[in-house]
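Reader: I would like a close look at one helix of this model and at the places where the backbone around other helices does something worth checking. Please state the cut-offs as you go.

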Amino acid sequence: MSNFRWVICGLLFLATTINYMDRQVLSLTWKDFIAPDFHWTDDHYGTITGLFSIFYAVANLFAGKFIDWMGTKKGYLIAIFVWSVGACLHAACGWGAMGIAGGSITALTTVSVWLFLACRLILAVGEAGNFPAAIKVTAEYFPKKDRAFSTSIFNSGASVGALAAPATIPLLARAWGWEMAFIVIGALGFVWMGLWIWLYDKPAKNKRVNQAELNYIEQDADIAKVQDRENVKEEKTIPFWDCFKYKQTWSFIVGKFMTDGVWWFFLFWAPAYFSDQYGYTSDSTMGILLILTLYAIVTVISIGGGYLPTYFVEKKGMNPYLGRMRAMLIFACFPLLGLLAQPLGAISAWWPAILIGLLGAGHQAWSANLFSTIGDMFPKSTIGTITGIGSMAGGIGSFAINKGSGSFFTWADAQGSAFSFFGFDGKPAAYMVVFCICAVAYLIGWFIMKSLVPKYKPIVLED
């Protein structure tokens, strides 16, 4: 049996890594490089990250359907082309803002925010296609029992990208300017496009996949319906608005809405947190080591998390959905460690880095299994659409926490000792409030999901 499905999984991992590196350039440069140029506050940055989340949410609503319509090969190519162009265009924001604003500091701040928002819009539209395409490819190339593990591998690209970013982006910004950091990282997407054109095709049509591997991939289908090279049938799909009639769709929506914002909050704010609270800038040795440690923990632990449902299915005899939900309950407890990050941070900055890393690992393992529930419940022809709908909900949740946090931090900083929470004053108290919200979001989301879909109930369409 050939094993080309793992090469495809590697391409998905690489695309997700690039996706998150492009997303991270701003968070690793704004506080120490961009804000001094344009006089941004936390509220300005919160506006940019919050609206990026909304752009991403709206784009996801259409991205999944677009991927189902275009197919994974063309759809993925278009998505990564758009987001790579958007990533590179950020470099022009500085030059454009200086030219338009003239000598006015107020105009410079306002114009720069609007120009960055325009570039984030383009980035969001392209990046919205990544997960619908990747989840659809995973369903094409892996049987149900392997999907959580394969998803955890490619989904770990999010943490690997977040791990590679602090090791490269601040150094690029310091050496060549923050503009060049956007251009260099954005250009990686164009390299990936060449690999995708060369290597990808559907399993039944891919010459690198032999019949034995094709049979393994299609093991969940009835023997009479297994695809072979002489008989490839198109599967019926669920109309877009009909998707909202199913509780399975709403279960995925709730899971994404409750938890995506947590990951995005730490992705966007962790560098600023260590800079604000401990004085370690993103290009300092200690700042880089803290972020590297955080995402190294996320990367290592989250990959193993994708194997847990396979253990429940193969060793404990559970059906895929029940095994996945059992695993997700375990991972939903990891974020509770976030409650200790701020208190233990008084001892050392390493404690928040380690605890947030464990929280992030729990999120990534949770996310890999959450994505895989779509393949458990929905026909392959609709996976992109459902992924897009859920990712839209996740984007809305991310807008709420990022915009809300930016405004909250600016307000709390101005209040100083007049605002207290759990023994902290001012902005540290605001961080503690947000950490508490992040800590309990997963358990709340799990219980709502379980109440909506208590048992394994796949959707079967009539031929």
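Author: What follows begins with one helix and then turns to a helix pair, a buried side chain and two backbone angles.

The model is predicted, so local features are described only at pLDDT of at least 70 and side-chain atom pairs only at pLDDT 80 or more, whereas totals for chains, interfaces and linings use all residues. Residues are numbered from 1 along each chain as its sequence is written, and side-chain values use heavy atoms, with hydrogens and water left out.

Helix α11 covers residues 247-278, where helices (H or I, at least four residues) and strands (E, at least two) are DSSP runs numbered from the N terminus. Its 32 residues reach 45 Å from the first C-alpha to the last, close to the 46 Å expected at 1.5 Å a residue, the expected span being 1.5 Å times one less than the number of residues. Within α11 there is a kink of about 50 degrees at W269, shortly before the proline P271; the bend at a residue is the angle between axes fitted to the seven residues ending there and the seven starting there. Because 25 of its 32 residues are buried, α11 is largely enclosed by the rest of the structure, with buried meaning under 20% relative accessible area, exposed over 50% and partly exposed in between (1.4 Å probe, protein chains only). After α11 comes G279, whose phi is positive, near 80 degrees.

Helices α2 (residues 42-70) and α3 (residues 72-89) pack at an angle of about 135 degrees with their axes 6 Å apart, the axes being lines fitted to C-alpha atoms over the stretch in contact and the angles running from 0 to 180 degrees between N-to-C directions. The two helices are therefore oblique to each other (under 35 degrees counts as roughly parallel, over 145 as roughly antiparallel, 65 to 115 as roughly perpendicular and the rest as oblique). Their contact, meaning heavy atoms within 4.5 Å, is made by F66, I67 and M70 of α2 and by T72, K74, G75, Y76 and I78 of α3.

In helix α6 (residues 130-141) lies T138, which counts as buried at 2% relative accessibility. Leaving aside neighbours within four places in sequence, T138 is in contact with L12, R147, S150, T151 and F154.

Most residues other than glycine have a negative phi. H39, in the loop between α1 (5-38) and α2, has a positive phi of about 65 degrees although it is not a glycine, and H39 is partly exposed at 40% relative accessible area. F422, in the loop between β1 (420-421) and β2 (424-425), has a positive phi near 50 degrees and is exposed at 62%.
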